[in-house]
Each structure stands twice: as structure tokens, then as C-alpha cells.
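Colleague: Before I rely on the descriptions of this model, I would like to go through the terms with you and hear what lies behind each of them.

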Amino acid sequence: MAQSPVNHPVGAVKAPKAPTAQATIENTNVWSTRTLVTIALLCAISVLLSFVEFPLLPGVAWLSYDASLMPAAVCGFAFGPAAGLACGIISVVAHGILFADFTGAVMNLLVVIGFILPSALVYKRVHTLKGAIAGLALGIVFAVVMAVLGNLVVTPAWLGVPLDAVVAMIVPILIPFNLLKGLLNSILTLIVYKAISNLITPKKSQVKGK
């Protein structure tokens, strides 16, 4: 007996095809290529400035000032505390290796952390001129403390200088030198960052009048 024809419903739903579109890969990089290039440039400037040294206090030629902290502070203001610390640490390590001055590198590293971290954190939270000044002022205080602690610990242990001699230098030499050093770095940071902030800072982070 002949079979009755099978009626196929009109507009039958076809089986879905397997997806062929590739999954979108999310870019998880914290810093863009432009930001990384700018940070690298500021690191290079910081290293170069570390070679330009001159004494600040008369009769204390062994304590010299250089402006290498300024590019690191500008970097911290523009891209955050991590970028500023990275810039400052790279400069200190490079200078220490080139001059084989590991004792000085350790003490400079403490000063970099003390100056950059508080100033960049405050400015990140209060993104105004007042925030920048407050952050730099706090950075000066922490940098002085770190410098004094570094001299108390590192100088006697690694250079063989008696602890009593280091203690005797704290008030007349170490504190005035590091206060003046921090003040100069802060003034330079404000001037330079004001001049170039809109050139290096991403547009979404730019603030008018800063």
C-alpha cells in the first residue's frame, strides 16, 4: 500500500548554526602604549638629571642635590603612584649601577618612596592645585624622615661611620639639606607639571586650571 506523503510545515524552524564569531579579547593593560612611552621618557630624563649634581649647604660638599626626583613626581601626578614609583626606582637603580654606589642607591630609594608615594596619592584623591601642594608638602616630610632613618641605619652599618656622628648631623645638616632638597623638587614639579600636564595626561584625566 502506498504511503501518504508527509506534509512539512511551512516556515519550519531550522536548527541554529554553531556560532562562528570569535570572542572579543578584553585589553587588561593598565597603561596604554602612549602612556608607557611617556613614562619611559620621564625615566630617561630622571636618569640624566641624576648626573647633574651640586651642593646645597656650604661646607657639606658630600651631600649634593640633583633634580632626578622631579620627573618621577610629574609621572606620579600624571599616571598615578605606581608609575611615579616605577620612574623614581628605575632612575635610582640605574644611577647606583653606573656609579657602583649601592649604599647611596639604597638611601635614595627610601627618599624616592617617601617623597613620591604620599604626594601622588594625595593628588590622585584631590586633583587640584591645592591637592598637589598638600601632597608635595606631605612628601617633603616623609622624605626627610626616610632620609634620616636611612642615614641612621645604612651609614653606620655599611660605611662604618659611628652612630653618634650620624646622630650629631641630624639637626644641623641632614634635616636642613633634605628640607631644601624637597622644597626645590616640589617647586620644579609644580612648574613642569603645570606646563606639560595636558600634553602627557590622558584627556579623560585632564582637569582645567590645574
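Modeller: What follows is a set of questions about the terms, each answered from the structure above.

Modeller: This is a predicted model, in which local features need pLDDT of at least 70 and side-chain atom pairs count only at pLDDT 80 or more, while totals for chains, interfaces and linings use all residues. Residues are numbered from 1 along each chain as its sequence is written, and side-chain values use heavy atoms, with hydrogens and water left out.

Colleague: What makes up the secondary structure of the chain?

Modeller: The chain has six helices and two strands, and from the N terminus on the elements run α-β-β-α-α-α-α-α. Helices (H or I, at least four residues) and strands (E, at least two) are DSSP runs, numbered from the N terminus.

Colleague: How do you know that the span of helix H4 agrees with what is expected?

Modeller: The expected span of a helix is 1.5 Å times one less than its number of residues. For the 24 residues of H4 (residues 102-125) that gives 34 Å, and because the end C-alpha atoms are 34 Å apart, the span agrees. At the start of H4, a side-chain oxygen of Asp101 comes to within 3.0 Å of the backbone nitrogen of Gly104.

Colleague: Why is Val154 called buried?

Modeller: Buried means under 20% relative accessible area, exposed means over 50%, and partly exposed lies in between (1.4 Å probe, protein chains only). Val154, which lies in helix H5, has 7% relative accessibility and therefore counts as buried.

Colleague: Which residues does Val154 touch, not counting those up to four places away in sequence?

Modeller: Taking contact as heavy atoms within 4.5 Å, Val154 touches Thr103, Val106, Met107 and Leu159. The C-alpha atoms of Val154 and Thr103 are separated by 7.2 Å, although the two residues are 51 residues apart along the chain.

Colleague: Why is Leu138 called partly exposed?

Modeller: Leu138, in helix H5 (residues 129-159), has 37% relative accessibility, so Leu138 counts as partly exposed.

Colleague: Which residues form a nonpolar patch with Leu138?

Modeller: Leu138 is joined by Val141, Phe142, Val145 and Leu149, and together they have about 420 Å² of accessible area. Such areas come from the Shrake-Rupley method with a 1.4 Å probe, and for residues only the protein chains shown count as cover. Patches are made of residues with over 30% relative accessible area and no salt bridge (a side-chain nitrogen of Lys or Arg within 4 Å of a carboxyl oxygen of Asp or Glu); like charges are joined within 9 Å, and nonpolar side chains (Val, Leu, Ile, Met, Phe, Trp, Tyr) within 5 Å.

Notes: Polar contact = N/O pair within 3.5 Å; in protein donor to acceptor, adjacent residues only side chain to side chain.
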